Amino acid sequence: MTDIKISDSIKYIGVDDHQIDLFEGQYRVADGVSYNSYLILDEKIALMDTVDRRKCDEWLSRLDTALAGRTPDYLVTLHMEPDHAANIAAVMERYPSMQIVGNAKTFAMTAQFFGTDFADRRVVVAEGDTLCLGSHTLQFVTAPMVHWPEVMVAYEQSEKTLFSADAFGKFGALDIEQPWEDEARRYYINIVGKYGVNVQALLKKAATLDIARICPLHGPVLESNLAYYIGKYLTWSSYEPEQKGVLIAYASIYGNTAAAACRLAEMLREGGEQNVRTMDLARCDMAEAVAEAFRYDRTVLAASTYDAGIFPVMDTFISRLKSKNWQRRRVSLIENGTWAPAAARVMCERLSHMKDITMLEPVVTVRSSLNEASEAQLKCLAEALAQ
């Protein structure tokens, strides 16, 4: 159980989940994940979101302890995704006098999930509305498609605390010490990444608030160096590269395409490139590979020809990039084929549907395995990538 001190009035009552293997049914979380929930204690008490149903009993126990015999007046629902909202019906039944706060889209979703829109107990709020608890006041800011249409965030005015829903979240349980950046990037790009325009709109609204603390629904509470975290979100949501570097993502059948990818990496490092990463798409975490493609300004896609197309894991990778709105990158291609190389043509066609992708020459063609001619092509490509 993770104990987090926020303030005398704002209590952390979230829980860690180390038993989960796939977040949202697809993302590996070797270090688990936290489901964050908060309690604001004042003349009136506001419960900020629930947690995943996997941790219902533990969360209710923490809630009871924090309440110390009192009864919550409001359940504030910022996001209806089940990892945060699964226990709405349970906690509403537990505290029959408690009202539920949400927007019109929130209650359309509660009806779908729980068979009720809580018509006799709901408090409907919209952009700019406030909820006074006593000395604490919540101000609501809508954040549609960050990353569901009903999402909103809440700014507590007296303690300058932003309850940010899924924004500024990360993978990883809170009882594990780890840097914020890598798992926050992987979380943002794969879950929220498609909605950069919407995130930018939320960040513009947030810029008008005097924020001293960010309380997300996953990951640690952020209380220092907030400019760093906000800066990362500004970069990620604008689709600009985070740093100079080259990702070489390869899909290899018997190792010859992998050898070409690794040889290119050697050439780049010998030429002075500081950040070069190779990733085997058949074995790596695909979500991490997608995040790394967003991180760096250049990407090399190296794939074997397969069934007159591309090896399936490369097809999956490119599809994931497109679905997350990957753009504004320089890209080069390496293909391999023993009798009819087709991978480069297919990859190029896939990339043509993405925004602001600059293709670099030459396209390297490996015939089965590296030889003098394809080594020379790799050298030319390394020079083009260095420019």
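Here are some worked exercises on the structure above, which is a predicted model.

**Exercise 1: the pocket**

Work out how much space the largest pocket holds, and which residues and elements line the largest pocket.

*Solution.* Start with the volume: the largest pocket holds about 370 Å³ of space. Next, go round the wall. It is made of 18 residues, with Ile 253, Thr 305, Gly 337, Thr 338 and Trp 339 lying nearest the centre. Now look for elements that supply two or more lining residues, and you get helix 8 (256–270) and strand 18 (296–306). Strand 18 gives the largest share, three residues. Last, sort the lining by class: seven nonpolar, 10 polar and one charged.

**Exercise 2: the cavity**

Find how many cavities of 30 Å³ or more there are, then describe the lining of the largest cavity.

*Solution.* The count comes to one cavity. The space in the largest cavity is about 70 Å³. Walk along its lining and you meet Val 141, Val 153, Leu 162, Ala 167, Phe 168, Val 199, Leu 202, Leu 203, Ala 206, Leu 209 and Tyr 233. Helix 6 puts in four residues, the largest share. As for class, the lining has 11 nonpolar residues, no polar ones and no charged ones.

**Exercise 3: the cores**

Name the residues with the most contacts inside the largest nonpolar core, and list what Met 314 touches.

*Solution.* The largest nonpolar core has 116 residues. Those with the most contacts inside it are Met 48, Leu 63, Leu 138, Phe 163, Leu 301, Met 314 and Phe 317. Zoom in on Met 314 and leave out residues up to four places away in sequence: it touches Ala 249, Tyr 250, Ala 251, Leu 281, Leu 301, Ala 302, Ala 303 and Met 347. There's also a second, separate core of 21 residues, with Leu 268, Val 300, Ile 334 and Leu 381 among them. For background, nonpolar side chains tend to be buried together in soluble globular proteins.

**Exercise 4: helix 5**

Check the span of helix 5 (residues 180–192) against the expected value, then say whether helix 5 is mostly covered or mostly open.

*Solution.* Helix 5 has 13 residues, and at 1.5 Å a residue they should span 18 Å. The end C-alpha atoms are 17 Å apart, so the two values agree. On to burial, where the cut-off is under 20% relative accessible area. Of the 13 residues in helix 5, 12 are buried, so the helix counts as mostly covered. Among the buried ones are Trp 180, Glu 181, Arg 185, Arg 186 and Val 192. The buried residues of helix 5 pack against strand 3 (22–23), strand 4 (27–28), helix 6 (196–206), helix 7 (226–238) and helix 9 (286–295).

**Exercise 5: backbone oddities**

Track down the cis peptide bonds at His 147 and Pro 362, then look at phi for Met 145 and Asn 325.

*Solution.* Take the omegas to begin with. The bond from Val 146 to His 147 is cis, with omega near 5 degrees, and His 147 sits in the loop between strand 12 (137–142) and strand 13 (152–156). Glu 361 and Pro 362 are also joined by a cis bond, with omega about 0 degrees; Pro 362 is in the loop between strand 21 (357–359) and strand 22 (364–366).

Now for phi. Met 145 isn't a glycine, yet its phi is positive, about 65 degrees. Met 145 lies in the loop between strand 12 and strand 13, and its relative accessible area of 23% makes it partly exposed. Asn 325, not a glycine either, has a positive phi of about 70 degrees. You'll find Asn 325 in the loop between helix 10 (312–323) and strand 20 (329–336), partly exposed at 26% relative accessibility.

Notes
Residues numbered from 1 in each chain as written. Predicted model: local features only at pLDDT ≥ 70, side-chain atom pairs only at ≥ 80, totals over all residues. Heavy atoms only, no water. 1 Å grid on protein atoms, 1.4 Å probe; cavity = no way out; pocket = protein on both sides within 12 Å on 5 of 7 lines; lining within 4 Å. Points joined across faces, edges and corners; volume = space filled by probe spheres on them. Nonpolar A, V, L, I, M, F, W, Y, C, P; charged D, E, K, R; others polar. Core = buried A, V, L, I, M, F, W, Y, C linked by side-chain atoms within 4.5 Å. Buried < 20%, exposed > 50% of the residue type's maximum accessible area, 1.4 Å probe, protein only. Contact = heavy atoms within 4.5 Å. Expected span 1.5 Å × (residues − 1).
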